[in-house]
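Biologist: Please take a close look at one part of this protein, the hairpin and the strands that pair around it. I should like the cut-offs stated along the way.

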Amino acid sequence: MAEQATVSAHHPDGSATVLRDDGVLVEVPAAAVAEGGWRTLRPGQRVTLDRAPDGTVRAARRPV
């Protein structure tokens, strides 16, 4: 399931914290940032989150 979010913070290890449009903060692992084709994310940037069936974020992609 895809969710829309705004990057809140990018961390030195390549991971990020994003704020979903419903107001929930979500941690995005570095592997999910890379899977979406990004080198880094910057605060304020919009992304679409792809989640695995278990709820983990598997990719942060360009917004749709």
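Modeller: Strands E4 and E5 form a hairpin with 5 residues between them, and Gly55 in the turn has a positive phi of about 100 degrees. Strands (E, at least two residues) and helices (H or I, at least four) are DSSP runs, numbered from the N terminus. This is a predicted model, in which local features need pLDDT of at least 70 and side-chain atom pairs count only at pLDDT 80 or more, while totals for chains, interfaces and linings use all residues. Residues are numbered from 1 along each chain as its sequence is written, and side-chain values use heavy atoms, with hydrogens and water left out.

Within the hairpin, E4 and strand E5 (residues 57–61) run antiparallel and are joined by 4 bridges; two strands pair if DSSP finds at least two bridges between them. One of these pairings sets Arg51 against Val57 in E5. E4 also has a partner in strand E1 (residues 2–10), to which 5 bridges join it, again in an antiparallel arrangement. Here Thr6 has Arg46 in E4 as its bridge partner.

Strand E4 (residues 46–51) has 5 of its 6 residues buried, so it is largely enclosed by the rest of the structure. Buried denotes under 20% relative accessible area, exposed over 50%, and partly exposed the range in between, with a 1.4 Å probe and protein chains only.

Part of the surroundings comes from strand E2 (residues 16–20), which contains Arg20. Arg20 is buried, with a relative accessible area of 17%. Leaving aside residues up to four places away in sequence, Arg20 touches Leu49 and Arg51, as well as Glu3, Gln4, Ala5 and Val26. Contact here means heavy atoms within 4.5 Å.

As for the setting of the hairpin, the protein has 1 helix and 5 strands, in the order β-β-β-α-β-β from the N terminus on. Of its 64 residues, 41% count as buried. Among contacts with a separation of 6 or more, 45% involve residues 24 or more positions apart. The radius of gyration, taken over C-alpha atoms, is 10 Å, which agrees with the value near 11 Å for a compact globule of 64 residues; the globule rule is 2.2 Å times the number of residues to the power 0.38. The C-alpha trace spans about 25 × 20 × 20 Å along its principal axes.
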